[in-house]
Amino acid sequence: MNLSVPDYILSISPYVPGKPIEELEREYGIRNSIKLASNENPLGPSPMALKAIQEAMGKLHRYPDGSGYYFVRKLAEKLGVSPANIVLGNGSDEVIGMLTRVFLQPGDEAILPQPSFLMYDISVRCDGATPIYVPLESLSIDLDSIKTRISSKTRMIFLCNPNNPTGTILKKKAFEHFLADIPWDIVIVLDEAYIEFVRDHDCVRGLDYLASGQPVVTLRTFSKIYGLAGLRIGYGIMPEKMAGLLNRIRMPFNANSLAQAGASAALDDYEFFQKTLSTIHEGLDFLYGELERIGLEYFPTQTNFFLIDVKKNAGDVFEDMLKQGVIVRSMISYGFPEYIRVNVGTHEENVRFIKAIENVIQKPDDRIFPEC
Ligand SMILES: *Cc1c(COP(=O)(O)O)cnc(C)c1O
């Protein structure tokens, strides 16, 4: 083969997802492991979503409703926006891709906090634009620094709120101050994949700026609090004109019929939503307490996951935890060589996590030599 591939495609490092449980169990010869690595819902999928999906299966010979007519209307009503503000995606990942495809071209710049969600970088590069990284300040997105990096080439700014992998939020006053200084030809993307878990009332919500006239896009997903990560459904909320542009390139059946049926039913599953919230919040309080008892430093979060400073190589800790059947995420590739990220599980899983981390941390560190 002698294929010509654009340099910007070659510059992309493929997204490395958490390995499937089955794969890790095979590799390490373990069983009954628990996965606390991908911020998934520990309670499983919304039961009402499952029921609706089963009912919708009989119609799988039909193409999906290409515009998601009923589902979009229901979402719009719930959010208090117009259906014309909503763009459905095969996961919110796909909406990120549509945004960069429509609004970025080679030569343009997009500003990304670092570390943050890896899909922004991939999508920006995919469209030949240049990612400009702005490091976090004390684990939070640094709006002041972002402002200083804006140039005449800047076309998009990604803000992950709360931020993955740090769990920190943007506060209203600081954000509004920031927004006021941003030229109106720059798209501001607020990724709210975890917004439902936030307990701090001062957290920015993108919907509050939908009518501002500024190109502010809010991304939401059914993958986290609704427990539907495998179904692949998310959406963006944006000014009508922008939604119209995205819909020009959106594949007509990107939100499949089971996804539309399941997500639509999940919106009504108040009980599951509340149960998930209390599981996460009680789980966080439990884990914080236990980590304090063990003497491990952690970083409080507004999401269903958080960082722990394990004070040794996070890759080694990842492996040692795995041998005990607990899958966590090493933060080495995110630039935190001694941090792991863990999401809240069921109480049983949280207890197993604490036992495993206690064992791993107490294991003597090879790198520390006894004093001579
Ligand atoms: C999980 C996650 C998403 C959701 O992606 P989907 O494609 O909807 O599953 C988006 N953004 C961030 C920051 C996430 O962590």
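**Figure 1. Separation of the two domains in the predicted model.** In this predicted model, the centres of domain 1 and domain 2, taken over C-alpha atoms, are separated by 24 Å. The domain assignment of the chain gives residues 7-44 together with 271-361 as domain 1, while domain 2 is given as residues 48-268. To the contact between them, domain 1 contributes 31 residues and domain 2 contributes 28 residues.

**Figure 2. The pocket that holds the ligand.** The second largest pocket is where the ligand sits. The shell of residues around the ligand consists of 4 nonpolar, 5 polar and 4 charged residues.

**Figure 3. Residues that come nearest to the ligand.** Around the ligand there are 13 residues. Those that come nearest are Tyr194, Thr221, Ser223, Lys224 and Arg232.

**Figure 4. Side-chain contacts with oxygen atoms of the ligand.** Tyrosine 194 places a polar side-chain atom 2.6 Å from an oxygen atom of the ligand. For serine 223, a polar side-chain atom likewise lies 2.6 Å from an oxygen atom of the ligand. In the side chain of asparagine 164, an N or O atom is 2.9 Å from an oxygen atom of the ligand. On its own, the ligand has 390 Å² of accessible area, of which the protein covers 94%.

Methods:
Residues numbered from 1 in each chain as written. Predicted model: local features only at pLDDT ≥ 70, side-chain atom pairs only at ≥ 80, totals over all residues. Heavy atoms only, no water. Near = heavy atom within 4 Å. Polar contact = N/O pair within 3.5 Å; in protein donor to acceptor, adjacent residues only side chain to side chain. Areas by Shrake-Rupley, 256 points an atom, 1.4 Å probe, with all protein chains shown as cover. 1 Å grid on protein atoms, 1.4 Å probe; cavity = no way out; pocket = protein on both sides within 12 Å on 5 of 7 lines; lining within 4 Å. Sits in = over half its atoms within 2 Å of the grid points. Nonpolar A, V, L, I, M, F, W, Y, C, P; charged D, E, K, R; others polar. Domains from an automatic or database assignment. Contact = heavy atoms within 4.5 Å.
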